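Notebook open, model loaded. I want to go through the sheet first, then the helices, then the empty space inside.

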Amino acid sequence: MEITLQDLRVQAEALEPRLMRSIAEQISFPSIEGPAEPGAPFGRPVAQALDHILNLGREMGFHTQNHDGYVGLIEWGEGELLGILSHVDVVPPGDAEAWTSAPFTLTERDGFLQGRGIADDKGPLLSCLYGMYALKELGFVPGKRIRLIIGTNEETGWGCIKYYKEHLDAPAYSFSPDGMYTVVNREKGILSADFSKTICEKTAVIQAGEAGNLVPANASAWLPIALEEAEQAIAAYPAPEGISLTAESSEAGVRLRCKGRNAPSHSPAKGASAIVGLLQVISRCERLDGALRTECRELLELLGPQPDGAAMGICCADDVSGPLTINAGLLSLHDGNLRVKMDIRAPVTCSLDEIAAKAATQFAAKGYAEEGRRLKYPLYVPADTPFIQTLCRVYEKVAGEPAVLSAIGGGTYARAFPNCVCFGAVYPTEELTVHSPNERTTKKNIMQNTLMYGMALYELTK
């Protein structure tokens, strides 16, 4: 059966009101990883978001499965397996004061639809599902088996993918709507590492950052010094653009606050690290116990003046995917236990194992113990594969512009299986707002994505 782009467009337009309601419902679930419950290994809101998608698939007449709350499947057709990898979990809202609407309410503002997950990855996930449904409503029968794989732990640990690999069969090839158009065939390696040490200072407290994979926008320290001393330290620090600091009296002495700007961890230059700002001021508090000031200075030495890893001896770059980046996403100090979570993104042609070893050595030299290390090895799929070429042709047909291949610093499901790439959902001229306050896209893009994914499934399975 032949399906034209116009056929698909007419069907998608008829489904638009239902699609928008589904997106609003899905965004209403605050599906951040939380305490495990029976049937909800990553928390009840994540499980509710998964159930919502599966119920939609069931209502559309597709076969659905919920595998112990770890991963959901929506399937259509028979034969060779084509996978679509997406997820319902999201990162925290981050800096609440920077949002102009409630993060978990779909809001139309200034020509955009915004809400946590609208771009990463709830909006694209529903565009894929409704693209499938539009084909089904047109009477199309796929010549292969399409499996929409819905993860629940993409943002924090990939426990869902670990479960999938242990219990289910891998797709022959697949795409994830969780990156950039046209095709992302290169993703940097990711090192997430936790370091800790015990210091002499037992009265000071630090709590900073929102998530390990976000440039931190908020950082606070409770210090046993006078308000005047903290204000002098703030005045002595030439804060860069995006950083602001305040101090107020507290029971313990003073509460020092630093306000920065969130950005994805893979693009630290777009943010302003509240952790760095806080460390800079604490290191200038001359009447504070010398041990804590020394620790702050040593941590700043490890991070370096630029987020390029040069201070740790791991600075590198390649022509394929760009430079290495680093970010300290979380920092805490309680009862003398200082902890920091590092996120490092490495070029695809550089050894992630060597970079991890060098970083650990540098932290060890400052007295830190490495408590945990998680590696996600890079993705690189050659541009001339038939699968990528088909996706490029679909993009040019639907978007009406030349296809481009991209490299990103983010880590997506595309690296979960062989022969997998990212296909959308952010357009080349679209502002990248994933993991940021006021995450947004346009209704036009959502509808074009529905056409894009529907047409891709048609071309790949006809």
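How many bridges join strand β10 to strand β18, and do they run parallel or antiparallel? I'm working from a predicted model here. I looked up the pair: β10 covers residues 189-198, β18 covers residues 337-346, and ten bridges join them in an antiparallel run. I also checked Thr198 and found its bridge partner in β18 to be Asn337.

**Entry: the sheet**

Next I traced the sheet that holds this pair. It is an open one of eight strands, and I read the order as β13-β14-β12-β11-β17-β18-β10-β19, with antiparallel pairing. The edges are β13 (244-250) and β19 (369-376), and each of them pairs on one side only. I noted the twist too: it averages 15° from one strand to the next.

**Entry: helices on the strands**

Which strands does helix α8 lie across? I got β10, β18 and β19 for α8 (residues 352-365), and the helix runs at about 165° to β19. Then I looked at α5 (residues 227-236), which lies across β13 and β14 (253-259). Its angle to β13 is about 175°.

I took α4 (residues 159-167) separately. Its buried residues are Gly159, Cys160, Ile161, Tyr163 and Tyr164. I asked what they pack against and got four strands: β1 (63-67), β2 (71-76), β3 (81-87) and β6 (145-151).

**Entry: cavities**

Rolling a water-sized probe over the atoms shows where empty space is left. How many cavities of 30 Å³ or more does a search of the whole structure find? My search gave two.

The largest has a volume of about 70 Å³. I listed its lining as Ile118, Ala119, Gly123, Pro124, Ala425, Val426, Glu430, Thr441, Ile446 and Asn449. At least two lining residues come from each of α3 (122-137), β23 (425-426) and α10 (443-461). Sorted by class, I have six nonpolar, three polar and one charged.

The second largest holds about 30 Å³ of space. Which helix gives the most to its lining? That is α7 (residues 290-303), with four residues. The lining reads Ile206, Leu279, Leu292, Glu295, Cys296, Leu299, Leu331 and Leu338. By class I wrote down seven nonpolar, no polar and one charged. Leu338 in that list sits in the residue range of β18, which takes me back to the strand pair I began with.

Notes:
Residues are numbered from 1 along each chain as its sequence is written. This is a predicted model: local features need pLDDT of at least 70, side-chain atom pairs count only at pLDDT 80 or more; totals for chains, interfaces and linings use all residues. Side-chain values use heavy atoms; hydrogens and water are left out. Two strands pair if DSSP finds at least two bridges between them. Axes are lines fitted to C-alpha atoms, for helices over the stretch in contact, and angles run from 0 to 180 degrees between N-to-C directions. Contact means heavy atoms within 4.5 Å. Buried means under 20% relative accessible area, exposed over 50%, partly exposed in between (1.4 Å probe, protein chains only). On a 1 Å grid over the protein atoms alone, a cavity is a set of points where a 1.4 Å probe fits but cannot get out, and a pocket is an open set with protein on both sides within 12 Å along at least five of seven lines; lining residues have an atom within 4 Å of a point. Grid points are joined across faces, edges and corners, and a volume is the space filled by probe spheres set on the points. Ala, Val, Leu, Ile, Met, Phe, Trp, Tyr, Cys and Pro count as nonpolar, Asp, Glu, Lys and Arg as charged, and the others, Gly among them, as polar.
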